[in-house]
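Morning, everyone. Please look at the model on the screen while I talk.

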Amino acid sequence: MYEYHQFRHESKKWFSRVYLLFINSILFSLAIFVMIAGWAVIKLANDNSNNILTENVVGTAKGTGIAMMVVGSIIIVTSLVGSIGGCTRENKMLKPYIAMMGLLFVAVLGGGIYFLVRLTGDSRKWKDLGLNDWNAFSDYQKDMYQTSYGCCGFNDEHAGNYAGSPLFDIPNRPTNGCATNTSTYTSSYGCSEIGNAWYRVWLIISGSVFAGLLLVLLTGIGAADQAKKRAVDVGYQVTGTYHPMDTIPQTPPKY
């Protein structure tokens, strides 16, 4: 008869566990960034609670910032649970982690589609923007676009450019660079062309970020599932043989 000892194939799980720790370090860093961005949005909304921005816009900005901080907190908790589960291979940690990652995947997918659809719509509106539409903008809006995009006026002839005192981001702008005959005015393109270029860039960057994040979440779910303890991980190894006393022959063998 043989004697068997149970063991687990731990060596087959090392890559999933290391990859899980790697994924969760990325998620943790992303969560910190999201929370900082949310705090910045709230601060920006509070700093601009005046007649320039309507109460509706300020309220929406604050709500967005709070939502970003809540999402960041959830991601931090999820990444910590996943890291502990990756180190211990405990199903009690990995199963809730997989569930949270699945919900996060669905949320990012839905939010990403909504964001990209809205961004595409805004891009089309900007592409169809005419000189009359530009002239209908308030001075604050013109100054904001000229400052954000580094442009002057609607087209390369600088039609309708705002050349008055700074209205947007006042603490960092003592003068308006789009005043006639300034170096910025003479070297800048129109905001229509620059705006279209920025929207194209943002669409590419945003789409790539969402696709990359979804891939990270999906592979994280797969790694967590692979790292879980399963019955098939158990093996047996022969450690020796023995003969019970009642099976030993009582008569000496013949030679």
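I will go through the annotated spans, then the helix packing, then one pocket. Keep in mind that this is a predicted model.

Start with the record. UniProt, in an unreviewed entry, places the feature "transmembrane region" at residues 21-45, 65-85, 97-117 and 197-221. What does the model show over residues 21-45? The chain there is 100% helix and 0% strand. The end C-alpha atoms of that span are 36 Å apart. Now take residues 65-85. This span is also 100% helix and 0% strand. Its end C-alpha atoms lie 30 Å apart.

Next, the packing. Find helix H3, residues 91-127. Then find helix H7, residues 191-227. At what angle do H3 and H7 pack? The angle is about 165 degrees, and the axes are 10 Å apart. Anything over 145 degrees counts as roughly antiparallel. H3 and H7 are therefore roughly antiparallel to each other. H3 passes H7 in a left-handed crossing. As for residue classes, the contact of H3 with H7 has 24 nonpolar, 10 polar and 3 charged residues.

H7 has another partner to look at, H5. Helix H5 covers residues 139-149. The axes of H5 and H7 come within 10 Å and cross at roughly 60 degrees. That makes H5 oblique to H7. The crossing of H5 past H7 is left-handed.

Now the pocket. I mean the second largest pocket, with about 170 Å³ of space. Which elements give two or more residues to its lining? They are H3 and H5. H3 gives the most, with 3 residues.

Here are the lining residues by name. In the stretch covered by H3 you can pick out Asp-122, Lys-125 and Trp-126. In the stretch covered by H5, look for Gln-141 and Tyr-145. Leu-129, Phe-137 and Tyr-199 also line this pocket. Tyr-199 falls within the residue range of H7.

What classes do these lining residues fall into? The lining divides into 5 nonpolar, 1 polar and 2 charged residues. The charged ones are Asp-122 and Lys-125. The polar one is Gln-141.

To recap, H3 packs with H7 at about 165 degrees, H5 crosses H7 at roughly 60 degrees, and H3 and H5 each give two or more residues to the second largest pocket. Thanks.

Terms used:
Residues numbered from 1 in each chain as written. Predicted model: local features only at pLDDT ≥ 70, side-chain atom pairs only at ≥ 80, totals over all residues. Heavy atoms only, no water. UniProt positions renumbered as here; feature names shortened; annotations may be inferred. Helix = DSSP H or I, 4+ residues; strand = E, 2+ residues; numbered from the N terminus. 1 Å grid on protein atoms, 1.4 Å probe; cavity = no way out; pocket = protein on both sides within 12 Å on 5 of 7 lines; lining within 4 Å. Points joined across faces, edges and corners; volume = space filled by probe spheres on them. Axes fitted to C-alpha atoms, helices over the stretch in contact; angles between N-to-C directions. Parallel < 35°, antiparallel > 145°, perpendicular 65-115°, else oblique. Left-handed = near helix turned anticlockwise from the far one by under 90°.
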